[in-house]
Amino acid sequence: MPVLLSADTLATSQIRSAAAPAAARAVRADVKLTQSLVAANARAARLTASPQTDLVSASCTPGTLVWTLMSSSDTWATIGQTWTVKPDQTSKMETMTTHTSTVEIGYSVSGSAGSFGYQGMSSMADGVGSRWAYSSADRNYVVGVRYGKYGHGYCGAGYTEYQASLIEPLGTSNSLANNDFLSGTCFVQGPTEWIRNQSTGTSFTLSGGVNLVPLIGGSFKSSSAWDTQHTLYYNFPTAGHLCVDSGTPATAPKVKATS
């Protein structure tokens with residue numbers, strides 16, 4: 001019997017299912033991907049630099065330290081920049097973000113509350129991205145993101161520190177005019193299509209699990225992960241140079257294609 005979990009149903013879940021003729025029945029909890037778990041009003045998030053972070057209930061025990069989502073805002077974030085000098089040189093950018101949600105599956109022979117046990121995991125993935133066309137103009141590539149402002153402190157006693165962290169990509173994108181920069185070092189580049197990519201990721205875990213106690217007598221662990229990849233392309237019809245603001249073309253923050 002599938003359960004659709006959203007911010008509303010996390011607190012008060014109700015299930016309608018046809019009577020199962022089989023003696024053994026399984027319960028599957030499907031996380032609604034269109035709604036970020038960290039942004040749910042019924043939850044508070046501990047967001048740190050660690051690979052996995054715990055989510056705790058907003059109705060926490062007095063005296064416990066928690067991170068609480070206070071507000072959120074949407075803005076543009078730069079994910080790549082391009083500069084070209086020669087008329088025949090072109091560049092483009094691609095970005096793809098994938099969101100994966102995983103929840104545990106419970107199984108029971110009797111189907112009664114309290115008899116469900118762990119049987120495995122169920123995962124779903126959703127992706128969104130942009131692919132800009134080749135251009136000879138200097139461009140600044142941006143994507144829409146949602147940031148949250150979090151307060152940290154003892155439950156019921158106010159906040160002692162604050163933090164702004166990424167909640168989720170919005171799926172929107174744009175490209176804007178970009179200002180040139182003074183390059184520091186240049187490296188010889190042969191005629192080819194030069195490619196560089198970068199991957200970043202973040203994840204968190206619902207340690208308390210998906211709240212199905214009123215329905216089956218237990219909760220299941222849930223995790224959510226974002227993985228984003230950006231790819232930069234420079235097309236060199238003839239030999240030229242890659243100029244950087246610091247370091248090398250493989251790792252420099254800014255890379256320019258020149259003659």
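Trainee: Is the disulfide of Cys 186 and Cys 243 right-handed or left-handed?
Mentor: The disulfide is right-handed, because the torsion about the S-S bond of Cys 186 and Cys 243 is about 105 degrees. Please keep in mind that this is a predicted model.

Trainee: How far apart are the sulfur atoms of Cys 186 and Cys 243?
Mentor: The two sulfur atoms are 1.9 Å apart.

Trainee: Which strands do Cys 186 and Cys 243 lie in?
Mentor: Cys 186 belongs to strand S10, residues 185-189, and Cys 243 to strand S13, residues 240-244. The pair therefore ties together parts that are 57 residues apart in sequence.

Trainee: How many disulfides does the structure hold?
Mentor: The structure holds 1 disulfide.

Trainee: And is Cys 243 buried or exposed?
Mentor: Cys 243 counts as buried, because its relative accessibility is 1%. Its partner Cys 186 has a relative accessibility of 41%, so Cys 186 counts as partly exposed.

Trainee: Let us step back. How many helices and strands does the protein chain have?
Mentor: The chain has 2 helices and 14 strands. Of its 259 residues, 39% count as buried.

Trainee: What share of the contacts comes from residues 24 or more positions apart?
Mentor: Among contacts in the chain with a separation of 6 or more, residues 24 or more positions apart account for 74%.

Trainee: New topic: pockets. What is the volume of the largest pocket?
Mentor: The largest pocket has a volume of about 690 Å³. Its lining is made up of 38 residues.

Trainee: Which residues lie nearest its centre?
Mentor: Thr 78, Ile 79, Gln 198, Thr 228 and His 230 lie nearest the centre of the largest pocket. The elements that give two or more residues to the lining are strands S5 (65-82), S6 (90-108), S7 (117-131), S8 (139-154), S9 (161-177), S11 (192-210) and S12 (220-236).

Trainee: How many polar residues are in that lining?
Mentor: The lining has 18 polar residues, along with 17 nonpolar and 3 charged ones.

Trainee: What does Asn 140 in strand S8 touch?
Mentor: Leaving aside neighbours within four places in sequence, Asn 140 is in contact with Thr 78, Gly 80, Gln 81, Asn 174, Ser 175, Leu 176, Ala 177 and Asn 178. With Thr 78, the side chain of Asn 140 makes a polar contact of 3.5 Å.

Trainee: Is Asn 140 buried or exposed?
Mentor: Asn 140 counts as buried, because its relative accessibility is 11%.

Trainee: Now for Lys 256. Where is Lys 256 found?
Mentor: Lys 256 is found in strand S14, which covers residues 255-258. The relative accessibility of Lys 256 is 8%, so this residue counts as buried.

Trainee: Which side chain is joined to that of Lys 256 by a polar contact of 3.2 Å?
Mentor: That is the side chain of Asp 180. Outside its neighbours within four places in sequence, Lys 256 has contacts that include Trp 83, Tyr 234 and Cys 243. Cys 243, as you will recall, forms the disulfide with Cys 186.

Trainee: What about Ala 257, buried or exposed?
Mentor: Ala 257 is buried, with a relative accessible area of 1%. Ala 257 is also found in strand S14. Its contacts beyond four places in sequence include Trp 83, Tyr 234, Phe 236 and Leu 242.

Trainee: And Ser 259, where is its place?
Mentor: Ser 259 is in the segment after S14. Ser 259 counts as exposed, because its relative accessibility is 53% and the exposed class begins over 50%.

Trainee: What does Ser 259 touch?
Mentor: Not counting residues up to four places away in sequence, Ser 259 touches Lys 86, Gln 89, Gly 240 and His 241. The C-alpha atoms of Ser 259 and Lys 86 are separated by 5.9 Å, although these residues are 173 residues apart along the chain.

Trainee: One last residue: where is Ser 115?
Mentor: Ser 115 is in the loop between S6 and S7. At 31% relative accessibility, Ser 115 counts as partly exposed.

Trainee: What does the side chain of Ser 115 reach at 2.5 Å?
Mentor: The side chain of Ser 115 reaches the backbone oxygen of Ser 112 at that distance. A polar contact of 3.0 Å also joins the side chains of Ser 115 and Ser 110.

Technical notes
Residues numbered from 1 in each chain as written. Predicted model: local features only at pLDDT ≥ 70, side-chain atom pairs only at ≥ 80, totals over all residues. Heavy atoms only, no water. Disulfide = S-S within 2.5 Å. Helix = DSSP H or I, 4+ residues; strand = E, 2+ residues; numbered from the N terminus. Buried < 20%, exposed > 50% of the residue type's maximum accessible area, 1.4 Å probe, protein only. 1 Å grid on protein atoms, 1.4 Å probe; cavity = no way out; pocket = protein on both sides within 12 Å on 5 of 7 lines; lining within 4 Å. Points joined across faces, edges and corners; volume = space filled by probe spheres on them. Nonpolar A, V, L, I, M, F, W, Y, C, P; charged D, E, K, R; others polar. Polar contact = N/O pair within 3.5 Å; in protein donor to acceptor, adjacent residues only side chain to side chain. Contact = heavy atoms within 4.5 Å.
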